[in-house]
Amino acid sequence: MKLQQPVGIELFAGCGGLSTGFLDAGLHIAAGFELDARAVDAYEYNHAYRGSRGYVCDLSAATGAELLEKAGLRRVDFMVGGP
């Protein structure tokens with residue numbers, strides 16, 4: 001029986017510096033959420049090739065369900081954030 005890799009998301013992602021360590025450790029960060037569109041562009045540049053997508057999102061108004069929907073996920077195993 002193959003164990004499924006844990007899946008997480010990053011909040012206040014910026015260019016994805018925090019998620020880089022998680023990705024390097026073998027965990028899957030499916031999505032990063034950030035208010036600044038330029039930072040999301042950098043996040044995409046840094047992580048899209050690893051399967052992680054960046055999304056512009058106002059986290060002060062977003063719900064967990066909205067974040068899951070944007071990322072195309074049903075659930076996550078962990079969240080990381082660097083506000």
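This report walks through a predicted model, from its sheet and helices to some of its side-chain pairs.

## The sheet

Let's start with the strands. Four of them make an open sheet, and they line up in the order E3-E2-E1-E4, with parallel pairing. Strands E3 and E4 sit at the edges with a single partner strand each, so one side of each has no neighbour in the sheet. Going from one strand to the next, the twist averages 20°.

Now look at strand E1, which covers residues 7-11. E1 pairs with E2 in the parallel sense, and five bridges join the two. If you want a spot to find by eye, try Glu10, which stands opposite Gly32 in E2.

## Helices on the sheet

Which strands does helix H2 lie across? The answer is E1, E2 and E3, and H2 runs at about 175° to E3. That angle is taken between N-to-C directions on a scale from 0 to 180 degrees, so H2 and E3 point in nearly opposite directions.

Helix H3, made of residues 64-71, packs on the sheet too. H3 touches E1, E2 and E3, and its direction makes about 115° with that of E2.

## Between H2 and E3

Helix H2 spans residues 37-47 and strand E3 spans residues 53-56, with a loop between them. Two residues to pick out in this loop are Ser52 and Ala48. Is Ser52 buried or exposed? Ser52 has a relative accessible area of 0%, so it counts as buried. Leaving aside residues up to four places away in sequence, Ser52 touches Ile29, Ala30, Ala31, Gly32, Tyr43 and His47. Gly32 may ring a bell: this is the residue in E2 that Glu10 stands opposite.

Ala48 has a relative accessibility of 35%, so it counts as partly exposed. You can also use Ala48 to get a feel for distances: Ala48 and Glu66 are 18 residues apart in sequence, and their C-alpha atoms are 21 Å apart in space.

## Two aromatic pairs

How many aromatic pairs does the structure hold? It holds two. Take Phe22 and Phe78: their ring centres are 5.9 Å apart and their planes meet at 20°, so this pair is stacked. Phe22 belongs to helix H1 (residues 17-24) and Phe78 to strand E4 (residues 78-81), so the pair links distant parts of the chain, 56 residues apart. Phe22 is partly exposed because its relative accessibility is 26%, whereas Phe78 is buried, with a relative accessible area of 17%.

Then there are Phe33 and Tyr55, which are stacked as well, at 5.5 Å centre to centre and 25° between the planes. Phe33 lies in strand E2 (residues 28-34) and Tyr55 in strand E3, so this pair ties together parts that are 22 residues apart in sequence. Why does Phe33 count as buried? Buried means under 20% relative accessible area, and Phe33 has 0%, so it fits. Tyr55, at 21%, is partly exposed.

## Salt bridges

A search of the whole structure turns up four salt bridges, and here are some of them. Asp24 forms a salt bridge with Arg50, and the closest N and O atoms are 2.7 Å apart. Asp24 lies in helix H1 and Arg50 in the loop between H2 and E3, so this pair ties together parts that are 26 residues apart in sequence. Asp24 is exposed, with a relative accessible area of 55%, while Arg50 is partly exposed at 26%.

Glu44 forms a salt bridge with Arg53, with 3.0 Å between the closest N and O atoms. Is Glu44 buried or exposed? At 19% relative accessibility, Glu44 counts as buried. Its partner Arg53 is at 43%, so Arg53 counts as partly exposed. Another salt bridge joins Arg38 and Asp36, whose closest N and O atoms are 3.5 Å apart. Arg38 is exposed at 67% relative accessibility, and Asp36 is partly exposed at 29%.

Note on methods:
Residues are numbered from 1 along each chain as its sequence is written. This is a predicted model: local features need pLDDT of at least 70, side-chain atom pairs count only at pLDDT 80 or more; totals for chains, interfaces and linings use all residues. Side-chain values use heavy atoms; hydrogens and water are left out. Helices (H or I, at least four residues) and strands (E, at least two) are DSSP runs, numbered from the N terminus. Buried means under 20% relative accessible area, exposed over 50%, partly exposed in between (1.4 Å probe, protein chains only). Contact means heavy atoms within 4.5 Å. Rings of Phe, Tyr and Trp (its six-membered ring) pair if their centres lie within 6.5 Å; planes under 30 degrees apart count as stacked, over 60 as edge-to-face and the rest as tilted. Two strands pair if DSSP finds at least two bridges between them. A salt bridge is a side-chain nitrogen of Lys or Arg within 4 Å of a carboxyl oxygen of Asp or Glu.
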